[in-house]
Amino acid sequence: MKFLDYAPAPESRALLNLKDDYGLFINGDFTAGRGTPFATINPATEQHLAMIATANEADVDAAVSAARHAYDGVWSRLSGSDRGKYLFRIARLVQERARELAVAETLDNGKPIKETRDADIPLVAAWFFYYAGWADKLDHAGVGPNPASLGVAAQVIPWNFPLMMLAWKIAPALAAGNTVVLKPAETTSLTAMLFAEILQQADLPAGVVNIITGDGMTGQALVNHPGVNKVAFTGSTAVGRAIARSVAGTDKKVSLELGGKGANIVFDDAPIDQAVDGIVRGIFFNQGHVCCAGSRLLVQESIHDDVIERLKRRMQTLRLGDPLDKNTDIGAINSAEQLARIRELSDLGQQEGAERWSVDCVIPDNGFWFAPTIFTNVATSHRIAREEIFGPVLSVLTFRTPAEAIAKANNTPYGLSAGIWSDKGSRILAVADKLRAGVIWANTFNQFDPSSPFGGFKESGYGREGGRHGLAAYLKPALRSGSRSIVAAPENTAAPVSKKTVSAKKAAK
Amino acid sequence: MNRLAIPKTYKLYIGGKFPRSESGRVYEVLSHSGEFLANAAKGSRKDARDAVVAARSAFRGWSGASPYNRGQVLYRIAELLEGRRAQFVDEIVKSEGTSDSDASAQVDEAIDRWVWYAGWADKYVQVAGNANPVSGAFFNLSVPEPTGIVAIVAPQGAQSLLGLVSAIAPALVAGNTVVVVANENAPLSAISLGEVLATSDVPGGVVNILTGSPAEIVPWLASHADVNALDLVGAAELDWVDLQISAAETLKRVLSPEAGEDAAAPALSRILAFTELKTVWHTKALL
Amino acid sequence: MTSSPLAAYLPDQRALALIGGEATDANLRRYLHGIPGIDAVGLEARAADLGSRSIKTSSKRWAIDTIIGLIDLTTLEGSDTPGKVRSLVTKALVPDPHDPGCPRVAAVCVYGDMVSTAVTALGSAHAAGGAEGVNVAAVATAFPSGRASLAIKLADVRDAVAAGADEIDMVIDRGAFLAGRFGQVYDEIVAVKEACRRTDGSLAHLKVILETGELNTYDNVRRASWLAILAGGDFIKTSTGKIAPAATLPVTLSMLEVVRDWHHLTGVRIGVKPAGGIRTSKDAIKYLVTVAETVGEEWLTPHLFRFGASSLLNDVLLQRQKMTTGHYSGPDYVTID
């Protein structure tokens, strides 16, 4: 027998108790949505999982009111240490129910159980644990003494790391004393609903966190609601622009975490086997549905052929298939829509003249799948070198000198991430200095930690999540004064540093 | 017998030089009591475009200079301002109609603020940046870096010099380069400041000063894809919401207008508003 | 670079061709230090990832039997006696007295002066290089330290070969390696290989023990691996098992990567033997996965992969019994050797 055809090693679904339908989580309880409910499916099999509610404008309003009420009446009056205790509870509950959450996430999103179990869910717990400890130490957030929370935060998250994105949003907001209305992505609302159950188990006061499911209209209504003080969005650059436009003239603080076309730069002195692993991790982890993916390989021309050969050999060991199988490396694409987009851009790549190579895998009959693919001979002017594909597709370009690598890496409106592979410390540091990217990995890739700020330069967005700076995103200085002794330092957002009267002309807008 | 004075021509300050507006236009600058003071250049969108080009050219050198070097350069500007106190006081008295002592107080405050900001150049990184205690064998460091080109609408009301200084100094501290649209009615201090900059060690293009109508010029800066941030501190009287919407197209970092005594008050947050936090992970291993 | 010409060369010609000159310290250093380095964090993460594979049911059954067939059952104690060696040999031939279907191990590994005892004890089951039986591997060259004159180390080898050893597990001179005397390390391996020659002209199979725990860094292990292969070793082996750390998954992975690259470069297949510290079948399975996913399944054969182990066999047998009976087994149901 072929050993490498590993026998099935499925994770059990038994520990999951899915309901047939889920409502909106508002004011501590589940309530029916007033919009039309919709189905969520398992993208690996296209099987129905559950019905999810749609929040209409009235529901959004109810959620924001609940959040406001909870903010005014309860949450803003709690001590930091009490807020911290709730967050610690949540962290522990996530750890207790970790396996169940991992299975649910794999079913709803399509990503392998190996990733949800070993990456996503542990990071969720870690994020809550990290921010729990900040709740009573806000003086040290870098916003000056006694900083104030903002109020109600509207948070809209994407489908690529559903529960993890939820944690990135909710944990710092709550630690800083805000209340939350969060809208999960349409195709991946399940773990958010399970999380709502966890909030009930944690006995979190009603209204502090509200989770409203729905579609793009729900998200829009939430972001545009006049009753929110902060908007936090992770998703496409196009929607990010729309949000930036819609908050113009309001008091809302905004942070945006948008797309990217990260350059993974491999120098001729790179630790070659680890670099190949890093390339694979950079673009095939999570099926390439990663904003900070290393979707452009910039490899030094002198080692191009060797690297590509090694890369292809390494890619042959990637196993595509049932996401619930513990040996699966590449899961399903999240939706038919996303699959169509990946296909379209890949076909474009071929038309543009790049050379396409894909892993020879057995594609299951049902579900949405795309074999890991690389394009070589990609030029900087090719669209597949510039546009975010958001799938397991790598564009390979070459460079001759470090300066050229930097220039090519920076030659994009995006600026989220980059990777540097070299054995030379001085070069790594110098290249890192010059790359215009918010997160840079040297001899590694796609590492995340709650203490490490994450976010982009340029059109990849602004604001940071994680770390002290991620906390500061949900705070404002205690008071504003002309005195030089005030060292208030909010993070870099589009929001006003201070708000004064706006002339009547503006009020009409 | 009264000596015939030689009136100064007030031109734009772009790329370290003093060009007239490419449009050839000027506008009358009147004193507080309505007397003719000067014909100031009326900057056009092409002047704005040229200013952005100059600012981009200068960015690499300015952001690449050591913080100590930037601090010294900024401090020298304060030295030169101090040397030119009388000129600035005189211009302010004429433009704003203030008393000598009020004008002096404004100039003093402007200089002192400039010194305060200069001193931050080699320190703000220590306050805003930090190592991050990540899990795993990694050295992880977050450091604020300059955003790039900052377009600024200087405060348009009283205290034109102080407003201008308060608006541009913080952006420069972090290594950004600046295109500033001066106080429309009282632009003279701005151009005199340009003269100070031109005779200091500030490389050409680091600060670019446009006089004229903010309502005409700023929209071109707000929509310019090579401008990275937009400080609308002095834009309260403009259609600033439209400007913010326009800036959203390229995801610019935007600061909203401020008004009153407190506008652009000195704060570390003003420096940090024009920085981007970069976080780098390094593997570390003995084997 | 095409592989076929290099495949046909004898080791010393091949080495000359690749290094571009004589095997001096300087030339070897230039060559070995030109090989891409290793990032330890990345290597260890890859090993951990390979170790997280879930090998179940039919795959596990196959893995268990394969592991047994790849074991060099080992006793290397000062207190070894003929009685001990005979007991070991019996176990090697019949690992599970309750199940005659249980495969035999690949070889027994003993000190050179115990070789004749082992050969006699094996009797007709002695493979003598054949596919069916059990080989006799002897440690030699003043194992484990290697600290003796070359003459003594070579005599050690010749004695073991003369006594009937099919395989020689030599140790490299780690002191020489760490001091940069790569030429000396190279020459010694060449000399040992020659000392493996029998009167009929055939060669005993040479495994080169790097003692990775003393070489310390992964880069050193990588360079020593290349050096051993250049010099003519048939197998590269991690450890003597006498110091810690012995074999680890990341170290073995790095050696497999060398073997992979060598095969790609020359067409020649070199074997890998992790030894020491592999005590559980769970661990051993991780190694099988690592081999399969790094160099390919065809390496999972005694000619190209061995486990140097003593207590591993019993744990594997316990697992095998559970797979057969369906219930957990216990120490009373496996034999001590």
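Trainee: Where do I look first for helix packing in chain C, say α8(C) against α10(C), and at what angle do they cross?
Mentor: This is a predicted model, so keep that in mind throughout. Helix α8 of chain C covers residues 150–162 and helix α10 of chain C covers residues 182–195. Their axes come within 9 Å and cross at roughly 30°.

Trainee: Is that crossing of α8(C) and α10(C) right-handed or left-handed?
Mentor: The crossing of α8(C) and α10(C) is right-handed.

Trainee: Which residues meet there?
Mentor: From α8(C) you have C:Leu150, C:Leu154, C:Val157 and C:Arg158. They meet C:Glu188, C:Ala191, C:Val192 and C:Ala195 of α10(C).

Trainee: And how do they divide into nonpolar, polar and charged?
Mentor: In the contact of α8(C) with α10(C), 6 residues are nonpolar, 2 are charged and no polar ones turn up.

Trainee: OK, sheets now. What's the strand order in the open sheet of chain C?
Mentor: That open sheet has 8 strands, in the order β7-β6-β5-β4-β3-β2-β1-β8, and the pairing is parallel.

Trainee: Which ones are the edge strands?
Mentor: β7 (271–273) and β8 (307–309) of chain C, each of which pairs on one side only. Going from one strand to the next, the twist averages 25°.

Trainee: Take β4(C) and β5(C). How many bridges join them?
Mentor: There are 5 bridges between β4 (residues 167–171) and β5 (residues 205–209) of chain C, and the two strands run parallel. To find the pairing on screen, pick C:Met170, whose bridge partner in β5(C) is C:Val208.

Trainee: What about α7(C), which strands does that helix lie across?
Mentor: Helix α7 of chain C, residues 115–122, lies across β2 (107–111) and β3 (135–139) of chain C. Against β3(C), helix α7(C) runs at about 170°.

Trainee: Moving on to how chain C touches chain A: how many residues come from each?
Mentor: Chain C gives 22 residues and chain A gives 21 residues. On the chain C side, the elements giving two or more residues are α4 (40–51), α5 (57–69) and α14 (281–294).

Trainee: What's the residue make-up on the side of chain C that touches chain A?
Mentor: You get 8 nonpolar, 7 polar and 7 charged residues on that side of chain C.

Trainee: And between chain A and chain B, how many residues does the contact take?
Mentor: The contact takes 49 residues from chain A and 46 residues from chain B. On the chain A side, α8 (237–246), α13 (425–434), β18 (439–442), β19 (461–462) and α14 (467–472) each give two or more residues. By class, that side of chain A has 19 nonpolar, 18 polar and 12 charged residues.

Trainee: β18(A) caught my eye. How many bridges join it to β10(B)?
Mentor: β18(A) and β10 (residues 275–283) of chain B are joined by 4 bridges and run parallel. Look for A:Ile440, which has B:Val280 as its bridge partner in β10(B).

Trainee: Now inside chain A: how many residues of β10(A) are buried?
Mentor: Strand β10 of chain A, residues 230–234, has 5 of its 5 residues buried. A:Lys230, A:Ala232 and A:Thr234 point one way, while A:Val231 and A:Phe233 point the other way.

Trainee: Why the alternation between the faces of the sheet?
Mentor: Because side chains in a regular strand alternate between the two faces of the sheet.

Trainee: So which strands does β10(A) pair with?
Mentor: With β7 (residues 152–156) of chain A there are 4 bridges, running parallel. With β11 (residues 253–257) of chain A there are 5 bridges, also parallel. A:Phe233 is a handy marker: A:Val156 stands opposite A:Phe233, and in β11(A) the bridge partner of A:Phe233 is A:Leu256.

Trainee: Zooming out, how many helices and strands are in chain A?
Mentor: Chain A has 15 helices and 20 strands. Its radius of gyration is 23 Å, close to the 23 Å the globule rule gives for 509 residues, so chain A is as compact as a globular protein of that length. Of those 509 residues, 62% count as buried.

Trainee: And chain B, what percentage of its residues are buried?
Mentor: In chain B, buried residues make up 58% of the 287 residues. Chain B contains 10 helices and 10 strands, and its C-alpha trace spans about 85 × 40 × 35 Å along the principal axes.

Definitions and conventions:
Residues are numbered from 1 along each chain as its sequence is written. Chains are lettered from A and ligands numbered from 1 in the order in which they are written. This is a predicted model: local features need pLDDT of at least 70, side-chain atom pairs count only at pLDDT 80 or more; totals for chains, interfaces and linings use all residues. Two residues are in contact if their C-beta atoms, placed from the backbone, lie within 7 Å. Ala, Val, Leu, Ile, Met, Phe, Trp, Tyr, Cys and Pro count as nonpolar, Asp, Glu, Lys and Arg as charged, and the others, Gly among them, as polar. Two strands pair if DSSP finds at least two bridges between them. Axes are lines fitted to C-alpha atoms, for helices over the stretch in contact, and angles run from 0 to 180 degrees between N-to-C directions. A residue is buried if 20 or more other C-beta atoms lie within 10 Å of its own, exposed if 12 or fewer, and partly exposed in between; C-beta atoms are placed from the backbone. A crossing is left-handed if the near helix is turned anticlockwise from the far one by less than a right angle, and right-handed if clockwise. The radius of gyration is taken over C-alpha atoms; the globule rule is 2.2 Å times the number of residues to the power 0.38.
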